Every structure is written in structure tokens, then in C-alpha cells.
Amino acid sequence: MPEPVIVGAVRTAIGRSFKGTLVNTPPETLITAVLPEVIRRSGVDPEEIDDLIFAESHYGGGDLARYAADATGLEHVPGQSVNRHCAGSLTAIGNASAQIGSGMERVLIAGGVQSLSMTPLTNWRIPGPELKFEERWMPPTHVETPDAPAKDMSITVGWNTAQSYGLTREDMDAWAARSHQRAVAAQDAGKFLDEILPLKIQQFDGSVVDFSVDEHPRRDTTAEKLAGLKVLHPEIEGFSITAGNASGTNDACAAVAVVDRAYAEAQKLDVMATVKAWASVGVAPRDTGLGGVKVIGKVLGRADLKPSDVALWEINEAFASVPIAACKEYGIDEELVNFSGSGCSLGHPIAASGARMITTLIYELRRRGGGIGVAAMCAGGGQGGAVIIEV
């Protein structure tokens, strides 16, 4: 079978939704900046691109991948959008790899884009005899139950996962504090410079600012400071989830170029990583956080690997409870997980997070001389997604 390899990877810096630099930047602007850059970095001939596959979430329809193709002069390239919520861009990368493995296509661009700042509001009519509308409606991810509310992931993901593994508030606050410390250390060391595309962003007042640094990490975060935050549901006895041990709400775009290895060799392209395996799982909605745990076993099995074979892990911190649970389940060394921060610190631009994780894994593994990298995450509605790469 043809072997899928990654020959280009790039992301934007991650903005803080509603209050950061990208607050007035629509997702169309982000994706049309990233697409030409990942093509440039990869060295692929734009005329030979078979398809674009981009994840998006909360936009209520449309097809940003096709929009980007048209807006950047790639009218000959179709575009498809996928939605697996948080794991969307991991699914996009897996789908692109499958297209190559099938022999049907040779060159694809896959990734994800998210602007929670610009997410449109939908009016939902309340059933009844009168025309009354409720704003801020989103399509439900699952059948709602008291222990799995559709719009409150602090319960459905964070709290339920913590309960399943007996995790304490101190466990999660310590993990989140370390996430911030690692993200800041990575910024100070310049580790993100190679993977981030600097942008010039026009502000509401007409000024233009340079945007190339992730905005969410807090330099002064400590476990002691996080311990002082109020829990999100004080009415639930023992509840331990706070804004500090949860991910942020964020804006960003990330993408990779996935091609057939034979094509890469023929075109003398720099093979950055091989896509070894990908997988998705479904779990009960109340166990959504465990989707990011269960999928690790599935994807490792597909690649015939053990946890000890993995050099580095990216396990998304939708809530700190998820990567802690995964480490406990598989005996993973926490020092190898989220080495440059994750959702609690860098932020979680939902549809873009998976491609961001793969991009960060590639550049870090290259600095370290190679190895196996695993990116895994839970996803809304009781799902999980993962991709394994080898540098």
C-alpha cells in the first residue's frame, strides 16, 4: 500500500477567544493564510493537490476547505469539511492518510480551523404555541442526561473523568500549573518559532499588530494560585473542576501536507514524518473524557506498538483529568506528555487542536533526533481520536 508521509506542517499562534488579538478575525482569514504557507513549506506543486480536508466546529454548515481553495487560487482543488468536534483535525489527517493509502490520491492538505470568537449564534425556536426563540443554541452532541449535559463539558468530561480515576483537585491543579510552566519555557526557548506562521492582524481601530505568540499561557501560574479558584459547580459535593484545570476557549488554524512517500521521493521533498496509524472510538457520552484514553489502546494496537515504544505524547488537556487518566491507564511517564504545554496553557482551538498537536510533535521530535509520537484527545458526544507519527 502507498505510505502516507507529512512533508509540511504549520500553525498560527493561538489567540484567546473574545479578548485576544484574533477576536475580530474570522476563520476564513486564518485558513487562507495557513493554506498557502503549508503548501510553500511542503514544496508540493499546487497543481497536483488532490483535495483539502479541514475540520471545523460550531459553524452551522458551509465548507471552509473549499472556501480556502477558491480564495487562494486553487479552484481546481475540491475541499471537504469534517466535524468530530475536538478530534476533528486528527480525523482530517487520518482521512487524508487513508486516501493516500488507498492509492486513490497522492497529495492532500489536512488540518483544522477554529474561531470561537467569531462563532455565529443560532436562534432556536422553543416548542410551543407561541413564536418564542432562545439564542445561543448549538446542535446537541448527544442525548442529554443529568450526568452528561450537552453544553457543560466540565461535568461530562472533566468531572466524570476525575471520578472514574479517583483524581483530586490537587492532582489536576498540579498538572495544569506544570502545563503553563512548560508552555512558557517553550516560548522562552523559541521552540514554537519554526511551527508558527506570523500574522499581521488588523484590529478594530484600524491598527495592525504582529501576531506570532500564543496568548493563553500565564507566566505567573502556580498550583497555589490555581487552588484559590472557585469550582464551576459548588452545588455538587466534592466538585473539583475549575477554569484553571480546564482548557481555554481559543482561535487558531493548523495544517499539514500529506503525500504518498513515492511522490515525496520523486519530487525530492523533505519527509518530516510518517503517518503510522489513526483511530477513533465511541464511548458513552458521560464518559466522553475516557474517549481520549480508550483510543490510545486502539491506535497503539493498530500500529503494533506498546506505550514504552512512544518517545513523546500529546494528550489534549480539554481538562487536566484526561491526560492524567491516560497516564494512569497505560503507565505513561508524565514527563513525556505535553512537553510544551497543552489545552490548559496553550489553549484548545477546538477543530484546530489535533493538527496543532501533530505539528508540535513533528518539530519537537525532529529536535530530539526522531522517534514515535502519539496525539490523542477526547471529542464531544462520547468520542476519541488519535494519530501516530514517526519522525
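**Helices and salt bridges in the predicted model**

Helix α10 is largely enclosed by the rest of the structure, because 13 of its 15 residues are buried. This is a predicted model, and the helix geometry in it holds up to a simple check. With 1.5 Å allowed for each residue, α10 (residues 353-367) should span 21 Å, and its end C-alpha atoms do sit 21 Å apart, so the two values agree. Just past α10, the backbone at G369 takes a positive phi of about 95°.

Helix α5 tells a similar story. Its 20 residues (169-188) should span 28 Å at 1.5 Å a residue, and the C-alpha atoms at its ends are 29 Å apart, which agrees. Here too a glycine follows: G190, just after α5, has a positive phi of about 75°.

On to helix packing. Two packed helices are described by the angle between their axes and the distance between the axes. For α4 (residues 153-165) and α8 (residues 288-303), the axes come within 6 Å and cross at roughly 65°. On the α4 side the contact is made by T156, V157, T161, S164 and Y165, which meet T288, G289, L290 and V293 of α8. Sorted by class, this contact has 4 nonpolar and 5 polar residues, with no charged ones.

Charged pairs turn up elsewhere, with 21 salt bridges found across the whole structure. One of them pairs the side chains of D214 and R11, at 2.9 Å from N to O. The partners come from distant parts of the chain, 203 residues apart: D214 is in the loop between β9 (208-211) and α6 (223-227), while R11 belongs to strand β1 (residues 4-11). Both ends are tucked away, with D214 buried at a relative accessible area of 5% and R11 buried at 0%.

Helix α5 comes back into the picture with the salt bridge between R182 and E335, 3.1 Å from N to O. This pair also links distant parts of the chain, with R182 in α5 and E335 in the loop between α9 (321-330) and α10, 153 residues apart. R182 counts as buried at 13% relative accessibility, whereas E335 is partly exposed at 48%.

A further bridge joins the side chains of R219 and D188 at 2.9 Å, N to O. R219 sits in the loop between β9 and α6 and D188 in α5, so the pair ties together parts 31 residues apart in sequence. Both R219 and D188 are exposed. Finally, R178, R182, E334 and E335 form one network through salt bridges that share partners.

Key. Residues are numbered from 1 along each chain as its sequence is written. This is a predicted model: local features need pLDDT of at least 70, side-chain atom pairs count only at pLDDT 80 or more; totals for chains, interfaces and linings use all residues. Side-chain values use heavy atoms; hydrogens and water are left out. Axes are lines fitted to C-alpha atoms, for helices over the stretch in contact, and angles run from 0 to 180 degrees between N-to-C directions. Helices (H or I, at least four residues) and strands (E, at least two) are DSSP runs, numbered from the N terminus. Contact means heavy atoms within 4.5 Å. Ala, Val, Leu, Ile, Met, Phe, Trp, Tyr, Cys and Pro count as nonpolar, Asp, Glu, Lys and Arg as charged, and the others, Gly among them, as polar. The expected span of a helix is 1.5 Å times one less than its number of residues. Buried means under 20% relative accessible area, exposed over 50%, partly exposed in between (1.4 Å probe, protein chains only). A salt bridge is a side-chain nitrogen of Lys or Arg within 4 Å of a carboxyl oxygen of Asp or Glu.
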